[in-house]
Amino acid sequence: QRIGIEFLRQHRPQPAALSKRSSQGCRIAGLAEMIIGCCGKSHLVTVVQIAGDRGDDAVLEILERGGYPLDNRSGILGRAAYTRNWLARYAPEAVKFSIQENLPEAARDIPAEAGKALALLADRLTPGLDGEAIHQLLYEVAAEAGIEGKEVFRAVYLSLLGKERGPKAGWFLSTLDTDFLVQRLRELSPE
């Protein structure tokens, strides 16, 4: 079913106290789910950055792996283009990331206990786990390794992004290729 432009104008989010830059992002967020039946802005921001330079096919592949419907591919790709623009022009640096091709130097200082937790995580990851299951798994492996959950999250982000923080971990990890993820996590595992 097509949604008319007048309907979209009447129902677009109207953020009260946001800057012009922030409201640009909020319009993308509200319209994304309404138009394409896909994920919201925060997930699309993550997907676009995971896809990186691999383009539209990678965006669709990641969304499909995350269990999102791809019925309106042109709508999804249009929203992805708007999201890329928002990232390039308006997004705060704290939101931006890129998956590192090689193990980041910053990850080499991860404590042994966190490395153990990552090894446990690598052993338990299977294709098709959703974000919520992976999020819970992160806390379980932290407890088994005798560390706090935040230390595992930090280790995951350092190993993949070279940064101490990143997108919502469970959903983020569920969108990555499982083989790539397991291999990367094992690079930091204690022998």
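Of the 191 residues in this chain, 44% count as buried. The model is a predicted one, and what follows is a walk through how its helices fit together. The chain has 10 helices and zero strands, so to speak a plain α-α-α-α-α-α-α-α-α-α when read along the sequence. Its accessible surface comes to about 10600 Å², with 46% of that belonging to carbon and sulfur atoms. Take the contacts between residues at least 6 apart in sequence: 65% of them join residues at least 24 apart.

## The core

In soluble globular proteins, nonpolar side chains tend to be buried together. Here, the largest nonpolar core has 53 residues, and the members touching the most others are Leu121, Phe172 and Leu173. At least two residues of this core come from each of α3 (41-51), α4 (56-65), α5 (73-89), α6, α7, α8, α9 and α10. Helix α8 gives the largest share, eight residues.

Let's look at two of those hubs. Leu121 lies in helix α6 and counts as buried, at 0% relative accessibility. Leaving aside neighbours within four places in sequence, Leu121 is in contact with Leu137, Leu138, Val141, Val156, Leu173 and Leu185. One of these partners, Val156, sits 35 residues from Leu121 along the chain, and their C-alpha atoms are separated by 10.0 Å.

Leu173 has its own set of partners. Not counting residues up to four places away in sequence, Leu173 touches Leu121, Ile134, Leu138, Val156, Leu160 and Leu181.

## Helix α8

Which helix supplies the largest share of the core? That's α8, with eight residues, and this helix deserves a closer look. Its 13 residues (149-161) should span 18 Å at 1.5 Å a residue, and the end C-alpha atoms are indeed 18 Å apart, so the two values agree. Of those 13 residues, 10 are buried, so α8 is largely enclosed by the rest of the structure. The buried ones are Gly149, Val152, Phe153, Ala155, Val156, Tyr157, Leu158, Ser159, Leu160 and Leu161.

What do these buried residues pack against? Their partners are α6 (112-124), α7 (131-145), α9 (169-175) and α10 (178-187). Just after α8 comes Gly162, which takes a positive phi of about 75°.

## Helix α3 and its partner α5

Helix α3 tells a similar story of burial: 10 of its 11 residues are buried, so the rest of the structure largely encloses α3. The buried set is Lys41, His43, Leu44, Val45, Thr46, Val47, Val48, Gln49, Ile50 and Ala51. Just after α3, Gly52 has a positive phi of about 55°.

Two packed helices are described by the angle between their axes and the distance between the axes. For α3 and α5, the angle is about 80° and the axes are 9 Å apart. That makes α3 roughly perpendicular to α5. On the α3 side the contact is made by Lys41, Leu44, Val45, Val48 and Gln49, while α5 brings Arg79, Ala80, Thr83, Arg84, Trp86 and Leu87.

## Individual residues

Here are some single residues side by side, with their relative accessibility.

| Residue | Relative accessibility | Class |
|---|---|---|
| Leu121 | 0% | buried |
| Trp171 | 13% | buried |
| Thr178 | 18% | buried |
| Lys116 | 41% | partly exposed |

Trp171 is found in helix α9. Setting aside neighbours within four places in sequence, Trp171 is in contact with His43, Thr46, Val47, Tyr68 and Gly131. Trp171 and Glu132 are 39 residues apart in sequence and 6.9 Å apart in space, C-alpha to C-alpha.

Thr178 belongs to helix α10. Is Thr178 buried or exposed? Buried, because its relative accessible area of 18% is under the 20% cut-off. Not counting residues up to four places away in sequence, Thr178 touches Leu125, Thr126 and Pro127.

Lys116, in helix α6, is partly exposed at 41% relative accessibility. The C-alpha atoms of Lys116 and Glu144 are separated by 9.0 Å, and the two residues are 28 apart along the chain.

Terms used:
Residues numbered from 1 in each chain as written. Predicted model: local features only at pLDDT ≥ 70, side-chain atom pairs only at ≥ 80, totals over all residues. Heavy atoms only, no water. Helix = DSSP H or I, 4+ residues; strand = E, 2+ residues; numbered from the N terminus. Expected span 1.5 Å × (residues − 1). Buried < 20%, exposed > 50% of the residue type's maximum accessible area, 1.4 Å probe, protein only. Contact = heavy atoms within 4.5 Å. Core = buried A, V, L, I, M, F, W, Y, C linked by side-chain atoms within 4.5 Å. Areas by Shrake-Rupley, 256 points an atom, 1.4 Å probe, with all protein chains shown as cover. Axes fitted to C-alpha atoms, helices over the stretch in contact; angles between N-to-C directions. Parallel < 35°, antiparallel > 145°, perpendicular 65-115°, else oblique.
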